[in-house]
Each structure stands twice: as structure tokens, then as C-alpha cells.
Amino acid sequence: MPLIILPGISRRILMASKEFPRYSEGDVVDLTDGRLLLALARKQGAGDFASGTLIGLFSTDGGLTWDDQPHIIHAPWDDVVDLMSVSFARTKRGLHLFFLGRGKNATRDTRVYQMLSTDEGKTWSQPVRISARDGYHIVNNARVLRTADKGRLIIP
């Protein structure tokens with residue numbers, strides 16, 4: 001099969017290491033000041049059930065370069081041991097960040113949370129659980145959408 005060259009530039013911005021062997025499930029949003037914000041999970045193991053922290057990187061040049069070091073958006077807390085699968089949505093209230101928080105029973109306790117930023121990702125509210133029932137809930141990253149007519153947020 002011939003090599004297909006796609007237009008544009010491709011580069012790695014986060015490299016796996018012994019400490020953090022996996023980065024996964026991210027989303028990117030355009031900020032009102034022209035920057036981009038990338039949020040994703042930084043895992044402390046290579047497996048699907050490894051502990052994860054939400055991290056962010058900003059770009060001021062349309063994604064050609066990113067911050068040298070990621071900043072922590074939110075780390076695991078209380079009985080939530082893994083954070084992952086980020087989705088952004090914007091409303092009149094601000095920038096919403098949706099994510100999954102996994103409990104200690106990884107195969108039966110995954111919840112959907114939301115945080116809000118009113119300052120374009122500089123700070124975030126405390127996480128609020130939005131999945132009402134217990135169980136294993138999944139929302140893949142970059143999936144939350146806002147309807148054009150009424151601005152309703154739909155979380156598939």
C-alpha cells in the first residue's frame with residue numbers, strides 16, 4: 001500500500017513516560033481570546049482502569065505549539081480514583097467541561113461530572129455529578145453537543 005501524505009503538520013505534544021505511560025480521551029476548544037485549550041486524561045498506568053488526572057495545555061498559535069508543561073485541571077478526590085473522557089461545551093454561563101469519574105469498583109462505578117469555567121479555563125468550579133443513577137456510565141470524549149435552537153446540552 002502506498003504511503004499517503006496528508007496536508008498539515010503532525011507533532012507529538014505529550015510523550016509517554018515511566019511515570020505517565022498514557023495520555024487519552026481529550027477535547028479541544030477555541031477560547032474567546034484566540035487561544036486553544038486542550039484537556040485530556042494523564043494516566044498513571046497503561047491500562048484502561050489506571051488512575052487518571054485531568055490536565056490542560058494552552059496554544060497561542062492555532063495548535064502549532066503548546067505549553068511546555070501541562071497544568072492540572074482536576075485530580076482524583078474522595079472515592080473518585082480515575083478521571084477521563086473530556087468534552088467541552090460553551091453556553092452563556094461559560095465554558096463547561098464534562099468528564100467521567102470512576103469509583104473504586106472500576107467495572108461498576110463510573111459517573112458523569114461537570115465543571116464550569118467563567119474565565120476561559122483559568123479556573124474551574126468544583127465537579128458536580130450529573131449522572132443521577134449509580135452504575136457504569138460512559139460518555140466518550142468530545143461528544144457533548146449544544147443544540148442550535150434552544151442551546152440545550154445533550155450528553156449521549
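Over how many bridges do β1 and strand β2 (residues 36–43) pair, and in which sense? With this predicted model open, select β1 and residues 36–43 together: the two strands pair in the antiparallel sense over seven bridges. To place one position in this pairing, pick Ser24, which stands opposite Ala41 in β2.

Next, widen the selection to the sheet to which these strands belong, an open sheet of four strands in the order β1-β2-β3-β4 with antiparallel pairing. Its edge strands are β1, residues 22–30, and β4, residues 71–74, each of which pairs on one side only. If you look along the strands, you will find neighbours in this sheet turned against each other by 30° on average, direction ignored. As background to what the viewer draws, strands of a sheet pair through backbone hydrogen bonds, either parallel or antiparallel.

Now move from β2 to β3, which run antiparallel and are joined by eight bridges; one position to mark is Lys43, whose bridge partner in β3 is Gly52. On the way, stop in the loop between β2 and β3 (52–59), where Phe49 is found. Phe49 counts as partly exposed because its relative accessibility is 47%, which lies between the 20% and 50% limits. Add Tyr136 and Ile138 to the selection, and you have the residues that, with Phe49, make a nonpolar surface patch of about 300 Å².

Return to β3 and show its side chains. How many of its eight residues are buried? Eight of the eight are, and the strand is mostly covered. In a regular strand the side chains alternate between the two faces of the sheet. In β3, Gly52, Leu54, Gly56 and Phe58 point one way, whereas Thr53, Ile55, Leu57 and Ser59 point the other way, and all of them are buried. From here, continue to β4, which runs antiparallel to β3 and is joined to it by three bridges; Ile55 is a useful place to centre the view, since it stands opposite Ile72 in β4.

Finally, turn to another open sheet, also of four strands, in the order β5-β6-β7-β8 and with antiparallel pairing. Select residues 82–91 for β5 and residues 128–129 for β8, the edge strands, each of which pairs on one side only. Then select strand β6 (residues 94–102) and strand β7 (residues 110–117), which pair in the antiparallel sense over eight bridges. To finish, centre on Leu95, whose bridge partner in β7 is Ser117.

Key:
Residues numbered from 1 in each chain as written. Predicted model: local features only at pLDDT ≥ 70, side-chain atom pairs only at ≥ 80, totals over all residues. Heavy atoms only, no water. Pairing = 2+ DSSP bridges. Axes fitted to C-alpha atoms, helices over the stretch in contact; angles between N-to-C directions. Patch = residues over 30% accessible without salt bridge, like charges linked within 9 Å, V, L, I, M, F, W, Y side chains within 5 Å. Areas by Shrake-Rupley, 256 points an atom, 1.4 Å probe, with all protein chains shown as cover. Salt bridge = Lys/Arg side-chain N within 4 Å of Asp/Glu carboxyl O. Buried < 20%, exposed > 50% of the residue type's maximum accessible area, 1.4 Å probe, protein only.
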